[in-house]
Amino acid sequence: MKPSQLNKALKAAGSLAMLLLALLITNPAAAQDKSLTLEEALKLGIENSKVLKLSQSRIDQAVSQYQQAKDRSLPTGKASFGYNRAQIPANKLNFGEETLVLPTSANAYLGTLSLNQIIFAGNKLKYARESTNLLSEVARLDAVNDKDQIAYNIIDSYYTLYKVLQSKKVVDQNLATIDAQIKQSQRFFDQGLVTKNDVLRFQLQRSNIELNGIDLENNRRIINYNMNILLGLPETTQLRIVQIIEADRNALPLTSYLDSAMTNRPEFKQLDLRTQVADLNIKSIKANTTPTLSASGSAYYVGVAANPIPKSGKYITPISIGLTVGWDFGSLWTNKNKVNEAKLQREEVMINRGITLDNVKNEVNQSYQNYKAALDKITLLQTSINQANENNRILESKYKSNISSATDRADAQTLLYQAQINLELAKADAGLAYYTLLKSTGKLNK
């Protein structure tokens with residue numbers, strides 16, 4: 001190959017490599033960007049939650065235990081068939097004048113078939129079925145609680161990422177403003193109008209803003225990664241939050257939220273179910289002192305022929321049917337402490353209900369006060385925006401009249417932009433506070 005042809009080939013290969021490198025760099029990044037609404041995030045998170053899949057597995061286990069409790073009321077049955085062969089080397093017995101001669105070997109087949117049915121056992125089987133049914137309802141409420149927590153974690157991450165992205169906008173705006181100030185101060189320094197310290201002050205201010213930007217970017221990456229895991233997305237996906245628009249929601253009286261929590265919080269429903277389980281446990285233990293009644297039927301096949309196939313005169317088939325009444329009357333004095341223990345367990349459930357009630361009240365009140373404070377903050381920030389607008393208007397007029405400096409003009413714009421971003425952040429805080437209040441009342445997914 002000639003040198004000129006080699007150069008052309010190398011150039012073509014280099015161009016192709018650069019094109020492939022550009023595709024590798026740009027295409028994945030574009031494919032990994034994803035804009036999400038809150039509703040889309042919730043749908044993805046709930047569909048892909050491993051915690052909710054585990055909750056469903058626990059529900060299935062509870063239902064299986066309930067079915068097993070029902071099965072215990074069915075009859076039990078057993079069947080067996082066995083063969084025995086006896087070798088008798090010494091097979092003669094002398095009784096004086098009489099001699100008994102046994103065969104040198106003997107075969108025997110024994111088959112049994114039995115059925116047993118408990119007719120009455122103090123309703124213990126009934127209590128077991130009811131108890132396991134109630135526990136399966138408790139497992140379902142656990143899943144409801146898990147779903148609420150998953151939904152809240154998604155909402156919290158969504159709003160937190162939104163706030164970080166908004167804060168990064170402030171950093172970018174401040175960097176643009178400070179760069180203009182540095183450029184102007186450098187020009188003034190060259191003209192001898194300002195000192196070197198004035199230029200250094202702006203450069204130091206820029207460094208501090210950049211440090212804040214590094215912290216924000218680090219937080220964004222952490223939150224973004226955690227959300228990808230939470231939503232079941234590829235870990236490299238760069239999430240973009242759709243603008244949050246929060247409608248005004250006036251806070252109802254605190255008693256309204258407290259009443260809603262008493263009605264909807266799954267913890268109270270679970271404790272009510274566990275109280276019923278404790279009551280059934282007491283009844284079941286008391287049933288140990290009652291007599292039991294059961295029915296049974298058995299059939300036997302006893303064959304002595306070498307051939308297991310029945311032949312007349314070579315086998316017998318006894319059949320028995322019976323009723324059995326049993327009473328462990330020792331339980332009259334050994335069962336008392338077991339009943340006392342079951343009553344103490346029920347009392348513990350009632351105490352836990354009181355503790356849960358106090359905790360829920362405190363949680364609802366705290367969420368309520370935080371939400372009201374967030375709404376008040378929005379009102380105050382709206383006033384500050386009006387003030388920042390007026391300040392910006394005045395300095396713009398002064399700047400046009402050469403009364404104020406470009407630095408003052410830029411500062412006024414920065415203050416206005418900061419006030420606008422602060423309002424957006426406050427709205428995000430209010431939105432998250434509202435969902436926190438909903439979660440505390442048990443109505444997050446309703």
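These exercises, each with a worked solution, concern the predicted model shown above.

Residues are numbered from 1 along each chain as its sequence is written, and side-chain values use heavy atoms, with hydrogens and water left out. Because the model is predicted, local features need pLDDT of at least 70 and side-chain atom pairs count only at pLDDT 80 or more, while totals for chains, interfaces and linings use all residues.

**Exercise 1. Overall form**

Task: State how many helices and strands the protein has, and decide whether the protein is spread out or compact by the globule rule.

Solution: Begin with the secondary structure, where helices (DSSP runs of H or I, at least four residues) and strands (runs of E, at least two) are numbered from the N terminus. The protein has 10 helices and 9 strands. Next, take the radius of gyration, which is computed over C-alpha atoms and set against a globule rule of 2.2 Å times the number of residues to the power 0.38. The rule gives 22 Å for 446 residues, whereas the radius of gyration is 41 Å, well over that value, so the protein is more spread out than a compact globule. Finally, look at the C-alpha trace, which spans about 150 × 85 × 35 Å along its principal axes.

**Exercise 2. Surface and contacts**

Task: Find what share of the residues is buried, and what share of the contacts between residues at least 6 apart joins residues at least 24 apart in sequence.

Solution: The first step is to fix the classes of accessibility: buried means under 20% relative accessible area, exposed means over 50%, and partly exposed lies in between (1.4 Å probe, protein chains only). By these classes, 31% of the 446 residues count as buried. For the second step, a contact means heavy atoms within 4.5 Å. Among contacts between residues at least 6 apart in sequence, 81% join residues at least 24 apart. As a last step, consider the area that the protein exposes, about 27,800 Å², of which carbon and sulfur atoms supply 56%.

**Exercise 3. Salt bridges**

Task: Count the salt bridges, and explain which parts of the chain are tied together by the pair of lysine 168 and glutamate 217.

Solution: Side chains of opposite charge can pair when their charged atoms come close. The rule used here calls a pair a salt bridge when a side-chain nitrogen of Lys or Arg is within 4 Å of a carboxyl oxygen of Asp or Glu, and by this rule the count comes to 13. One of these joins lysine 168 to glutamate 217, with the closest N and O atoms 3.0 Å apart. Lysine 168 lies in helix H4 (residues 124–190) and glutamate 217 in helix H5 (residues 196–231), so the pair ties together parts that are 49 residues apart in sequence. Lysine 168 is partly exposed at 21% relative accessible area, whereas glutamate 217 counts as buried at 18%.

Now turn to arginine 220, which also forms a salt bridge with glutamate 217, the closest N and O atoms being 2.9 Å apart. Both of these residues lie in helix H5, 3 residues apart, which is about one turn of the helix, and both are buried.

A further salt bridge, at 3.2 Å from N to O, brings together the side chains of arginine 353 and aspartate 272. Arginine 353 belongs to helix H9 (residues 336–400) and aspartate 272 to helix H7 (residues 266–286), so this pair ties together parts that are 81 residues apart in sequence. Arginine 353 is partly exposed, with a relative accessible area of 26%, and aspartate 272 is partly exposed at 36%. Elsewhere, salt bridges that share partners join Lys168, Glu217, Arg220 and Arg221 into one network.

**Exercise 4. Three asparagines**

Task: For asparagine 224, asparagine 386 and asparagine 123, say where each residue lies and whether it is buried, partly exposed or exposed.

Solution: Asparagine 224 lies in helix H5 and counts as buried at 3% relative accessibility. Leaving aside residues up to four places away in sequence, asparagine 224 touches Leu161, Thr237, Gln238 and Leu239. Asparagine 386, by contrast, is exposed, with a relative accessible area of 52%, and lies in helix H9. Asparagine 123 is found in the loop between strand S5 (105–120) and H4, where it is partly exposed at 35%. Most residues other than glycine have a negative phi. Asparagine 123, although not a glycine, has a positive phi of about 65°.

Notes. Accessible areas come from the Shrake-Rupley method with a 1.4 Å probe; for residues, only the protein chains shown count as cover.
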